[in-house]
Amino acid sequence: STGDPVTYHDWLTDPAIDSAQAHDVNVHLCATIFSGHTAFFTNPAARQNLVANLVDLVKQRNAHGINVDIELLPSSMSDSVTVFMRDLSAQFKTAIPGALVSICLPAVDWDQDFQIEAMSDFVDFFFVMGYDYYWNGSDQAGPVSPLYSLTPGYNYSLARTISAYETAGMQREKFILGIPYYGRKWKTQSDNIPSPILANG
């Protein structure tokens with residue numbers, strides 16, 4: 001609600017950042033919001049405070065950019081997110097020449113809440129979270145990150161995600177597809193894939 005971080009997750013002290021930079025690996029700070037979208041995005045002072053905080057944090061670790069992960073975005077905040085990303089990008093690139101700005105996008109943007117074409121002018125990369133098509137609370141067990149749909153009744157997959165975002169105007173050179181290094185295990189009614197679950201994964 002103020003633009004101040006709830007936690008830094010050891011950003012200022014974690015030796016993994018030093019190790020990455022020592023091996024010429026670019027480091028990006030990720031700022032995440034899971035709730036309180038309306039209180040934050042409708043408050044210009046909070047938005048500006050967060051941008052100032054993020055610029056300062058990236059400078060302190062000599063990092064290469066910022067990634068914004070907006071989870072569970074309400075449709076009513078769609079325009080506000082685009083304006084926020086525009087302002088954040090402009091200030092980052094002024095304060096840190098060469099800084100890269102990226103935003104996370106869901107595997108399925110159910111209501112087209114993220115304005116891809118509008119953000120393309122000032123976002124360097126779109127990181128698409130290509131996972132949890134089947135998740136721990138799903139009604140059915142199936143692959144976390146399927147290349148193609150397994151059933152006609154649940155037509156969601158990496159192939160459809162890529163096609164949907166390209167149709168929405170995402171430029172291929174700005175498209176990063178995140179692939180999981182994890183799987184899930186469920187108790188299921190049968191050995192069929194997918195299968196109805198008996199308990200959460």
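**Exercise 1. Find out which residues S102 is in contact with, beyond its neighbours within four places in sequence.**

Step 1. Setting aside those neighbours within four places, S102 is in contact with I66, N67, V68, M85, V123 and F125. Contact here is heavy atoms within 4.5 Å.

Step 2. Before going on, note that this is a predicted model, where local features need pLDDT of at least 70, side-chain atom pairs count only at pLDDT 80 or more, and totals for chains, interfaces and linings use all residues. Residues are numbered from 1 along each chain as its sequence is written, and side-chain values use heavy atoms, with hydrogens and water left out.

Step 3. Place the residue: S102 sits in strand β3, residues 100-105. Helices (H or I, at least four residues) and strands (E, at least two) are DSSP runs, numbered from the N terminus.

Step 4. S102 has 10% relative accessibility, so it goes down as buried. The cut-offs are under 20% relative accessible area for buried, over 50% for exposed, and partly exposed in between (1.4 Å probe, protein chains only).

Step 5. One of those neighbours also gives a polar contact: the side chains of S102 and N67 meet at 2.9 Å. A polar contact is a pair of N or O atoms within 3.5 Å; within protein, one must be able to donate a hydrogen and the other to accept it, and residues adjacent in sequence count only if both atoms are side-chain atoms.

**Exercise 2. Do the same for S78: locate it, then list what it touches.**

Step 1. S78 belongs to helix α4.

Step 2. Its relative accessible area is 9%, so S78 is buried.

Step 3. Leaving out residues up to four places away in sequence, S78 touches D113, F114 and Q115.

Step 4. With Q115 there's a side-chain to side-chain polar contact of 3.1 Å.

**Exercise 3. Work out where E71 lies and whether it is buried or exposed.**

Step 1. Look in the loop between β2 (65-70) and α4 (78-95): that's where E71 is.

Step 2. E71 comes out at 18% relative accessibility, so the verdict is buried.

Step 3. Not counting residues up to four places away in sequence, E71 touches T32, I33, F34, H37 and M129.

Step 4. For a distance check, try I176: it is 105 residues from E71 along the chain, and the two C-alpha atoms are 17 Å apart.

**Exercise 4. Sort out the aromatic pairs.**

Step 1. The structure has 7 of them. Rings of Phe, Tyr and Trp (its six-membered ring) pair if their centres lie within 6.5 Å; planes under 30 degrees apart count as stacked, over 60 as edge-to-face and the rest as tilted.

Step 2. Take F40 and F84: with 5.6 Å centre to centre and 75° between the planes, the pair is edge-to-face.

Step 3. F40 is in helix α2 (residues 37-41) and F84 in helix α4, so this pair ties together parts 44 residues apart in sequence. Both F40 and F84 are buried.

Step 4. Now Y154 and Y156: their ring centres are 5.1 Å apart and the planes meet at 65°, so this pair is edge-to-face. Y154 is partly exposed, at 26% relative accessibility.

Step 5. Y154 and Y156 join W110 and Y134 in one aromatic cluster.

**Exercise 5. Inspect the backbone for positive phi values and a cis peptide bond.**

Step 1. Start at helix α1 (residues 15-22): D14 caps its N-terminal end, with a side-chain oxygen 2.8 Å from the backbone nitrogen of A16.

Step 2. After α1 comes D24, in the loop between α1 and β1 (28-33). D24 isn't a glycine, yet its phi is positive, about 60°. D24 is exposed, with a relative accessible area of 71%.

Step 3. Q112 is another non-glycine with positive phi, about 50°. Find Q112 in the loop between β3 and α5 (116-119); at 60% relative accessibility it counts as exposed.

Step 4. The cis peptide bond joins I193 and P194, with omega about -5°. P194 is in the loop between β6 (175-178) and β7 (195-196).

**Exercise 6. Step back and describe the whole chain.**

Step 1. Count elements: the protein chain has 6 helices and 7 strands, in the order α-β-α-α-β-α-β-α-β-β-α-β-β.

Step 2. Of its 201 residues, 40% are buried.

Step 3. Its C-alpha atoms fill a box of roughly 55 × 35 × 35 Å along the principal axes.
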